[in-house]
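Biologist: I would like a close look at a single part of this protein. Please take one residue, describe its surroundings, and then place it in the rest of the fold.

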Amino acid sequence: MSFLKEITSPDFEAKLADLRGNRPEIETLGYMLGDRLLEWAHSCGVATEDELRAASPPVPPHELRSIVAAPSEAVFLWTGIVDAMNFMASYRNHSDVENPRILDFGCGCGRMTRFLGL
């Protein structure tokens, strides 16, 4: 199972399915993006669709986003997803299940950590 599928709540998934069923442009995105539709949903979708935003952690204010990554909500959320996926892939590749060790890192305004605790 992919990281994005693991972190997608049933509520978020249901709201995305409802949007796909009722909005031809989002259904088309599903065909165009395939498995990457969840990347769109957790970034651009949360930034533009009230239904998806309601099923997600709050997005930090513009002032905070602009000093951390990008002021645009969609870019801020997408870069957080990509970095979280890379972080988790690295962790899985290098973790020792018998003796797990986790490096503590600051969470700032939650650009990456918002995807780790969904």
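Is R111 buried or exposed, and what is its relative accessible area? Please go on from there to the contacts of R111 and to the other salt bridges.

Modeller: The model is a predicted one. R111 has a relative accessible area of 16%. Because the cut-off for buried is under 20%, R111 counts as buried. In the chain, R111 is found in the segment after α7.

The surroundings of R111 can be listed by residue. Leaving aside residues up to four places away in sequence, R111 touches V68, A69, F76, T79, G80 and D83. Two of these neighbours also meet the side chain of R111 through polar atoms. With T79, the partner is the backbone oxygen, which the side chain of R111 reaches at 3.1 Å. With D83, the polar contact is between side chains, at 2.7 Å.

The pairing of R111 with D83 is also a salt bridge, with 2.7 Å between the closest N and O atoms. D83 belongs to helix α7 (73-94) while R111 lies in the segment after that helix, so the salt bridge ties together parts that are 28 residues apart in sequence. The two partners fall in separate accessibility classes: R111 is buried at 16%, whereas D83 is partly exposed, with a relative accessible area of 30%.

Other charged pairs come next. Salt bridges that share partners join R23, E25 and E49 into one network. Within that network, the side chains of R23 and E25 form a salt bridge with an N to O distance of 2.6 Å. E25 is partly exposed, at 43% relative accessibility. R23 is partly exposed too, with a relative accessible area of 27%.

A further salt bridge joins the side chains of R65 and E73, with N and O 3.9 Å apart. The cut-off for a salt bridge is 4 Å, so this pair still counts. R65 has a relative accessibility of 7% and is therefore classed as buried. In the whole structure, the search finds eight salt bridges, the pairs described here among them.

Now the wider fold. The protein contains seven helices and zero strands, and its pattern along the sequence reads α-α-α-α-α-α-α. Of its 118 residues, 32% count as buried. Among contacts in the protein with a separation of 6 or more, 63% are between residues 24 or more positions apart.

One helix pair shows how such elements meet. Helix α2 (residues 10-22) and helix α4 (residues 37-48) have axes that come within 12 Å and cross at roughly 90°. The two helices are therefore roughly perpendicular to each other. On the α2 side, the contact is made by F12, L16 and R20. On the α4 side, L37, L38, W40, A41, H42 and V46 take part. By class, the residues of this contact divide into seven nonpolar, one polar and one charged.

To return to the residue in question, R111 is buried, and its side chain meets the backbone oxygen of T79 and the side chain of D83.

Conventions. Residues numbered from 1 in each chain as written. Predicted model: local features only at pLDDT ≥ 70, side-chain atom pairs only at ≥ 80, totals over all residues. Heavy atoms only, no water. Axes fitted to C-alpha atoms, helices over the stretch in contact; angles between N-to-C directions. Helix = DSSP H or I, 4+ residues; strand = E, 2+ residues; numbered from the N terminus. Parallel < 35°, antiparallel > 145°, perpendicular 65-115°, else oblique. Contact = heavy atoms within 4.5 Å. Nonpolar A, V, L, I, M, F, W, Y, C, P; charged D, E, K, R; others polar. Buried < 20%, exposed > 50% of the residue type's maximum accessible area, 1.4 Å probe, protein only. Polar contact = N/O pair within 3.5 Å; in protein donor to acceptor, adjacent residues only side chain to side chain.
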